Amino acid sequence: MTTHAAQSQQAPEDDAGNSDAIPDSPSVSNPDTNPDAALQALLLARHSCRAFLPAPVPRNVIERILTLAQRTASWCNCQPWQVAITEGAGTERLRAALQARAQAADAGTGFIPDFPFPREYRNEYLARRRESGFQLYGAVGVARGDRDAYRQQEMRNFQLFDAPHVAVITTDEALGEYGAMDCGGYVANFLLAAQANGVATVAQASLAMYPEVLREVLGIGPDRRVVCGISFGYADAAHPANSYRTRRAELPEVVSWISG
């Protein structure tokens, strides 16, 4: 029987054989007794799952994840997020609608998200994006330059990677980018809370490409703006799409110290 405990997964090794690990806390490193170590264990175990088993997550487990994520800090405590969660036939209806819309986009219909997608990826951001993409394509056997295979893998987004559930996160229209920022914090905490409860996740900006589909299928009002979706369930650990892990930048690449 497959277990889903957060602590059961080990940090993967990179090509040089070095574990992409966080340095241990200067205090006790036992996750059962030290909060820092417990958080580290969750951060190292969590990854973007791109192949799920069909088994649904029990409602009480989902509610526990939501209860934990609800503790997210927000601007003036506005808590702008609202969450639409699918299960059963609801997931299948959304999956079918998204696939149909994505296929229509191939015919030139395009897409208009509620929040603009990045204008471009430059420098280290482009390099990290390319590395992540090539890791995925390499894991699932897609050859570089095979555009048809690229598109087939992209369509897996709209199949929700076979997940039994998706959570769609929206913010109030009037709160603009600050509301979206708060929702970003909520998403991060949702992912960690899910990991703590043995549930795999993948945050998907791709679902926000078609907000009109989400509004129609999920009954989202015109005063809400779609931030992203989170497909979730239990990981298919044997699937090659779940066999790799992405790197994180070293602190000197992202942190500046101003001492004077």
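Tryptophan 257 is exposed, with a relative accessible area of 78%, and this residue is found in the segment that follows helix 8 (251-254). The model described here is a predicted one, and the briefing moves from that residue to the overall layout, the nonpolar cores, two residues that face each other across the fold, the cysteines and the salt bridges.

**The surface around tryptophan 257**

- Trp257 takes part in a nonpolar surface patch of about 500 Å², which it makes together with Leu251, Val254 and Val255.
- For the protein chain as a whole, the accessible surface comes to about 15100 Å², and 52% of this area belongs to carbon and sulfur atoms.

**Overall layout**

- The protein chain contains 8 helices and 4 strands, and when these are read along the sequence they give the pattern α-α-β-α-α-α-β-α-β-α-β-α.
- The protein chain has 260 residues, of which 35% count as buried.
- If one takes the contacts between residues at least 6 apart in sequence, 79% of them join residues that are at least 24 apart.

**Nonpolar cores**

- The largest nonpolar core has 20 residues, and those with the most contacts inside it are Val57, Ile65, Ile169, Phe190, Val199, Ile230 and Phe232.
- Two or more residues of this core are given by each of helix 2 (59-69), strand 2 (165-172), helix 6 (176-196) and strand 4 (224-233), and the largest share, 7 residues, comes from helix 6.
- Another core, of 18 residues, lies apart from this one, and its members include Ala102, Val166, Val168 and Met209.
- Isoleucine 169, which is among the residues with the most contacts inside the largest core, touches a number of residues beyond its neighbours up to four places away in sequence, including Trp81, Val83, Tyr186, Val187, Cys228 and Ile230.

**Threonine 170 and glycine 221**

- Threonine 170 lies in strand 2, and it counts as buried because its relative accessible area is 4%, which is under the 20% cut-off for that class.
- When its neighbours within four places in sequence are left aside, threonine 170 is in contact with Pro80, Trp81, Gln82, Cys183, Ile220, Arg224, Arg225, Val226 and Val227.
- Glycine 221 is found in the loop between helix 7 (211-218) and strand 4, and with a relative accessibility of 22% it counts as partly exposed.
- Although glycine 221 and threonine 170 are 51 residues apart along the chain, their C-alpha atoms are separated by 9.9 Å.

**Cysteines**

- A search of the whole structure for disulfides finds 0 of them.
- Cysteine 228 is in no disulfide, because the nearest cysteine sulfur, that of cysteine 183, is 8.0 Å away, whereas a disulfide requires two sulfur atoms within 2.5 Å.
- Cysteine 228 counts as buried at 10% relative accessibility, and cysteine 49 is also buried, with a relative accessible area of 0%.

**Salt bridges**

- Side chains that carry opposite charges are able to pair when their charged atoms come close.
- The structure holds 9 salt bridges, and three of these pairs are described in the points below.
- Glutamate 87 forms a salt bridge with arginine 59, and the closest N and O atoms of the pair are 2.5 Å apart.
- Because glutamate 87 lies in the loop between strand 1 (82-85) and helix 3 (89-109) while arginine 59 lies in helix 2, this pair ties together parts that are 28 residues apart in sequence.
- Both partners count as partly exposed, glutamate 87 at 38% relative accessibility and arginine 59 at 48%.
- Arginine 95 and glutamate 92 meet through their side chains in a salt bridge with an N to O distance of 2.6 Å, and because they are 3 residues apart in helix 3, about one helical turn separates them.
- Within this pair, arginine 95 counts as buried at 9% relative accessibility, whereas glutamate 92 is partly exposed, with a relative accessible area of 45%.
- The side chains of arginine 119 and glutamate 120 also meet in a salt bridge, with 3.9 Å from N to O; here arginine 119 counts as exposed at 71% relative accessibility, while glutamate 120 is partly exposed at 45%.

Notes: Residues are numbered from 1 along each chain as its sequence is written. This is a predicted model: local features need pLDDT of at least 70, side-chain atom pairs count only at pLDDT 80 or more; totals for chains, interfaces and linings use all residues. Side-chain values use heavy atoms; hydrogens and water are left out. Patches are made of residues with over 30% relative accessible area and no salt bridge: like charges are joined within 9 Å, nonpolar side chains (Val, Leu, Ile, Met, Phe, Trp, Tyr) within 5 Å. Accessible areas come from the Shrake-Rupley method with a 1.4 Å probe; for residues, only the protein chains shown count as cover. A salt bridge is a side-chain nitrogen of Lys or Arg within 4 Å of a carboxyl oxygen of Asp or Glu. Buried means under 20% relative accessible area, exposed over 50%, partly exposed in between (1.4 Å probe, protein chains only). A nonpolar core is a set of buried Ala, Val, Leu, Ile, Met, Phe, Trp, Tyr and Cys residues joined through side-chain atoms within 4.5 Å. Contact means heavy atoms within 4.5 Å.
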